[in-house]
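User: Could you take a close look at one loop residue for me and then walk me through the strands and rings around it? I work at the bench, so plain language is welcome.

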Amino acid sequence: VAVAASQSTLEPASDAARTIADLWWLLFAVSAVVFAVVLALVVLAVLRRRSRGAGTGRPLVLVGGVAVPAVVLVALFALTVATLPGVSAPTGETALTIEVKGRQWFWEVRYPGRGVVTANEIHLPLGTPVELRVRTGDVVHSFWVPRLNRKIDMIPGRVNSIELETDREGVYRGQCAEFCGLQHANMAFEIVAEPPARFERWLAVQAEPAREAEGFALFEEYGCGGCHTIRGTSADGVAGPDLTHVASRRTLAAGTLENTRGDLAAWVLDPQEHKPGNKMPAIEIPPDDFRELLAYLESLE
Ligand SMILES: [Cu+2]
């Protein structure tokens, strides 16, 4: 697995995720107590069965089986409802909007108004409330970055949104959380949270168009441009991820491979071996052309 960044809900890196983790710990503690009490009663029942005839257990059933569960469950429900405002839709005070479209099986990422389209890697400025507007290009997906906030479903015909904000620099793993077909498990992404100045530099680079350098002709010749866009060139396909700055990304194929020369070559050589069923076909390319095409892809920083 290429994406090694942590994705534990129990290592929260934002206020929203902390609220969720706190609730989780509380539910865990209460459940543990209930489990222990029930277990103790079972043991007691087994031991006492032999020593005495059957007495009436009615008060115990009414208290332990009705009154206590009612109080506990209502209290937990109230607490759960009370945490919702902290993790639900954006407040309207967000400073940046990012559009994410779930597709089988990668994430298309856009920074509206900034001319940036990328895939499987979302950069966020630290300490800035960001609204993520999510939709789907095909089936239902679910966008989830466990260390930053709850899940948000991507549902055909709808735009949903969620707010992400963190003060902690780092890389956070995200994962599709709704079964969406064969390669659902290999539909991951990364959030890169970085200081605002570095974020702006990244955004400026991503907005730059690429050039039709040496090797680009092969990209068109072998049909890659029919499915991939490289901004600034004639390649304008939309079936696959935008490749304008593919060399700058940390991973390939939605977190399936590392973005190294070897993995890039392996991917283009036979995408079906690394992510069976994904929508990029293996295309036969003679070695000399392959090397030139690879060098062109690596120049797309
Ligand atoms: Cu999915």
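Analyst:
**Phe 179 and its surroundings**

Phe 179 is exposed, with a relative accessible area of 64%; the cut-off for calling a residue exposed is over 50%. Please keep in mind that this is a predicted model.

Where does Phe 179 sit? It is in the loop that runs between strand E9 (170-176) and strand E10 (188-194). Leaving aside residues up to four places away in sequence, Phe 179 touches Val 140 and His 184. For a sense of scale, take Ala 239, which is 60 residues from Phe 179 along the chain: the two C-alpha atoms are separated by 21 Å.

Let us now turn to the strands on either side of that loop. E9 and E10 run antiparallel and are joined by 6 bridges. One pairing to look up in your viewer is Arg 173, whose bridge partner in E10 is Glu 190. E9 is mostly covered, as 5 of its 7 residues are buried. E9 also has a link to E6: these two strands run antiparallel as well, joined by 2 bridges. Here Trp 144 stands opposite Gln 175 in E9. That same tryptophan has a charged companion, since Lys 151 lies over the face of Trp 144 at 4.7 Å from the ring centre.

The rings add another layer. A search of the whole structure finds 12 aromatic pairs. One of them is formed by Phe 143 and Phe 189, which are stacked at 4.8 Å centre to centre, with 25 degrees between the planes. Phe 143 lies in strand E6 (residues 141-144) and Phe 189 in strand E10, so this pair ties together parts that are 46 residues apart in sequence. Are these two rings buried or exposed? Both Phe 143 and Phe 189 are buried, whereas Phe 179 in the loop is exposed.

Elsewhere, ring pairs link Trp 24, Trp 25 and Phe 28 into a cluster. There is also another lysine placed over a ring: Lys 279 lies over the face of Trp 105, at 5.7 Å from the ring centre.

More strand pairing can be followed from E1. Strand E1 (residues 96-103) runs parallel to strand E5 (residues 130-136), and 7 bridges join them. Within this pairing, Val 100 stands opposite Val 134 in E5. E1 also pairs with strand E2 (residues 106-111), this time in the antiparallel sense and over 5 bridges. E1 and E2 form a hairpin with 2 residues between them, and the bridge partner of Lys 101 in E2 is Glu 108.

Finally, a word on open space. The largest pocket has a volume of about 610 Å³. Its lining counts 33 residues, and those nearest its centre are His 228, Gly 240, Pro 241, Trp 267 and Met 280. Strand E11 (251-252), helix H5 (261-269) and helix H7 (287-298) each supply at least two residues of that lining. Among the contributors, H5 gives the most, with 3 residues.

To come back to your loop: Phe 179 is exposed and touches Val 140 and His 184, while the strands on either side of the loop, E9 and E10, are joined by 6 bridges.

Conventions:
Residues numbered from 1 in each chain as written. Predicted model: local features only at pLDDT ≥ 70, side-chain atom pairs only at ≥ 80, totals over all residues. Heavy atoms only, no water. Helix = DSSP H or I, 4+ residues; strand = E, 2+ residues; numbered from the N terminus. Buried < 20%, exposed > 50% of the residue type's maximum accessible area, 1.4 Å probe, protein only. Contact = heavy atoms within 4.5 Å. Phe/Tyr/Trp six-rings, centres within 6.5 Å; stacked < 30°, edge-to-face > 60°. Lys NZ or Arg CZ within 6 Å of the ring centre and 35° of its normal. Pairing = 2+ DSSP bridges. 1 Å grid on protein atoms, 1.4 Å probe; cavity = no way out; pocket = protein on both sides within 12 Å on 5 of 7 lines; lining within 4 Å. Points joined across faces, edges and corners; volume = space filled by probe spheres on them.
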